[in-house]
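Trainee: I have a structure open on my screen and would like to learn how to read it. Could you take me through it step by step?

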Amino acid sequence: MTHASAFAGTLFDLGGRTALVTGGSRGIGRAISERLAEHGANVIVCGRKAAAAEETTAAINARDGGRAVALTANITDPDGLSALIDGGRQAFGPIDILVANAGLHIHFGPSAEMSDAVLEKTLDGNFRALHRLTQALLPDMIARRWGRIINIGTIAAHFGSGRYHSYTLSKGLAMQYVRNIAVEHGEAGIRANTVSPGLVRTDMAQGLIDNPVELAREMARSTVGRFGEPDEIAGVVVMLASAAGGYVNGQTIAADGGQTIRYVI
Ligand SMILES: NC(=O)c1ccc[n+]([C@@H]2O[C@H](COP(=O)([O-])OP(=O)(O)OC[C@H]3O[C@@H](n4cnc5c(N)ncnc54)[C@H](OP(=O)(O)O)[C@@H]3O)[C@@H](O)[C@H]2O)c1
């Protein structure tokens, strides 16, 4: 497939592929959308607010060969997810790459204070949206014998936490879901993996970055002594989405400045 990407013909070529990125309008998702497009993919950028999604697609479409559409949906709404897939297919045809990036972190505190409503909403956003989108997209992927499911997790879900209950529970479920899909559909050409970011400079993490006590706690385990940038997650996603990641399946890759390998004594 000929296209304007500088990566055409390389291991990282995404020409002819179509990617759906939830939460693709800001933060990590925006970097993922921009880098997938830069590598040749058509990109469906999803967020709740049209203005931010349109700003991202305008930036992509302004570049040579960039092809992106902005669609609004709330990932906690099943009907919204169906409409998102319909709109994406209308724009570009079958969807080859799902990046389930948008996430909810709406409760901090002890388990005794985690209400059913908070837990259900968080499960809807961080786990059921991944399942619903995967379920809807897999038939096309299987028919074409090529597909990528990429879940954006968190290193918080690699540990136990007394404060991040619903967030880590839902992200933990999503990590296991991806492993199951990898086993179930690997031979059909599907690859399903999780990228777990550590602390990355985005709107979601700004409160933590601005709080010296919280930041010091996070950085205590870092092996690189700094927080990450959205592009440092996007690069891993491009690898997993492209031929370069073709032999990686069912894995959880921590992009965390080594926070999860350090033994603190
Ligand atoms: N930043 C970190 O340090 C960090 C660390 C570990 C894991 N993560 C994970 O990385 C992912 C991205 O986080 P981020 O830091 O990039 O967040 P962010 O900067 O707050 O961006 C969130 C993106 O998701 C969209 N979004 C939020 N809620 C949504 C919903 N209910 N439905 C649809 N779209 C929604 C937002 O657009 P709208 O507001 O327009 O909806 C925006 O595009 C999340 O899954 C998060 O858990 C982040």
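Mentor: Gladly! Keep in mind that this is a predicted model. Let's begin with the ligand: of the 29 residues around it, Gly-23, Gly-27, Gly-47, Arg-48 and Gly-103 come nearest.

Trainee: Which helices each supply at least two residues of the shell around the ligand?

Mentor: Those are H1 and helix H6 (203-209). You can also sort the shell by class: eleven residues are nonpolar, 14 are polar and four are charged.

Trainee: Next, the sheet. How do I read the way its strands are paired?

Mentor: Here is the general idea: strands of a sheet pair through backbone hydrogen bonds, either parallel or antiparallel. In this model, seven strands form an open sheet with parallel pairing, in the order S3-S2-S1-S4-S5-S6-S7.

Trainee: Which strands stand at the edges?

Mentor: Strand S3 (67-72) and strand S7 (252-255) do; each has a single partner strand, so one side of each is left without a neighbour in the sheet. From one strand to the next, the twist averages 20°.

Trainee: Can you show me particular pairs?

Mentor: Sure. S1 and S2 pair in the parallel sense over five bridges, and Val-21 stands opposite Val-45 in S2. Strand S5 (residues 147-152) and strand S6 (residues 190-197) are also parallel, with six bridges. There, Gly-147 stands opposite Ile-190 in S6.

Trainee: What packs on the sheet?

Mentor: Helix H1 (residues 27-38) does, touching strand S1 (18-22), strand S2 (42-47), S3, strand S4 (97-100), S5 and S6. The direction of H1 makes about 170° with that of S1. Helix H3 (residues 78-92) packs on the sheet as well, touching S1, S2 and S3, and its direction makes about 155° with that of S2.

Trainee: How many of the residues of S2 are buried?

Mentor: Six of its six residues are buried. Both faces are covered, with Asn-42, Ile-44 and Cys-46 on one side and Val-43, Val-45 and Gly-47 on the other.

Trainee: Where should I look for the nonpolar core?

Mentor: The largest nonpolar core has 62 residues, and Ala-19, Val-43, Leu-98, Val-99 and Val-237 have the most contacts inside it. Helix H8 (residues 231-241) gives the most to this core, with seven residues. The buried residues of H8, including Ile-233, Val-237 and Leu-240, pack against S1, H1, S4, S5, S6 and S7.

Trainee: And what does Leu-98 touch?

Mentor: Leaving out residues up to four places away in sequence, Leu-98 touches Leu-20, Leu-133, Thr-134, Leu-137, Ile-149 and Ile-150.

Trainee: Let me try a charged residue. Is Asp-13 buried or exposed?

Mentor: Asp-13 is buried, because 20 other C-beta atoms lie within 10 Å, and 20 or more is the cut-off for buried. This residue lies in the segment before S1. Asp-13 and Ala-41 are 28 residues apart in sequence, and their C-alpha atoms are 8.3 Å apart in space.

Trainee: Last one: how do I read a phi angle?

Mentor: As a rule, most residues other than glycine have a negative phi. Arg-145 has a positive phi of about 55° although it is not a glycine. You will find Arg-145 in the loop between helix H4 (116-144) and S5.

Trainee: Is Arg-145 buried or exposed?

Mentor: Arg-145 is exposed, because just 10 other C-beta atoms lie within 10 Å, and 12 or fewer counts as exposed.

Methods
Residues numbered from 1 in each chain as written. Predicted model: local features only at pLDDT ≥ 70, side-chain atom pairs only at ≥ 80, totals over all residues. Core = buried A, V, L, I, M, F, W, Y, C linked by C-beta atoms within 7 Å. Helix = DSSP H or I, 4+ residues; strand = E, 2+ residues; numbered from the N terminus. Contact = placed C-beta atoms within 7 Å. Pairing = 2+ DSSP bridges. Axes fitted to C-alpha atoms, helices over the stretch in contact; angles between N-to-C directions. Near = placed C-beta within 6 Å. Nonpolar A, V, L, I, M, F, W, Y, C, P; charged D, E, K, R; others polar.
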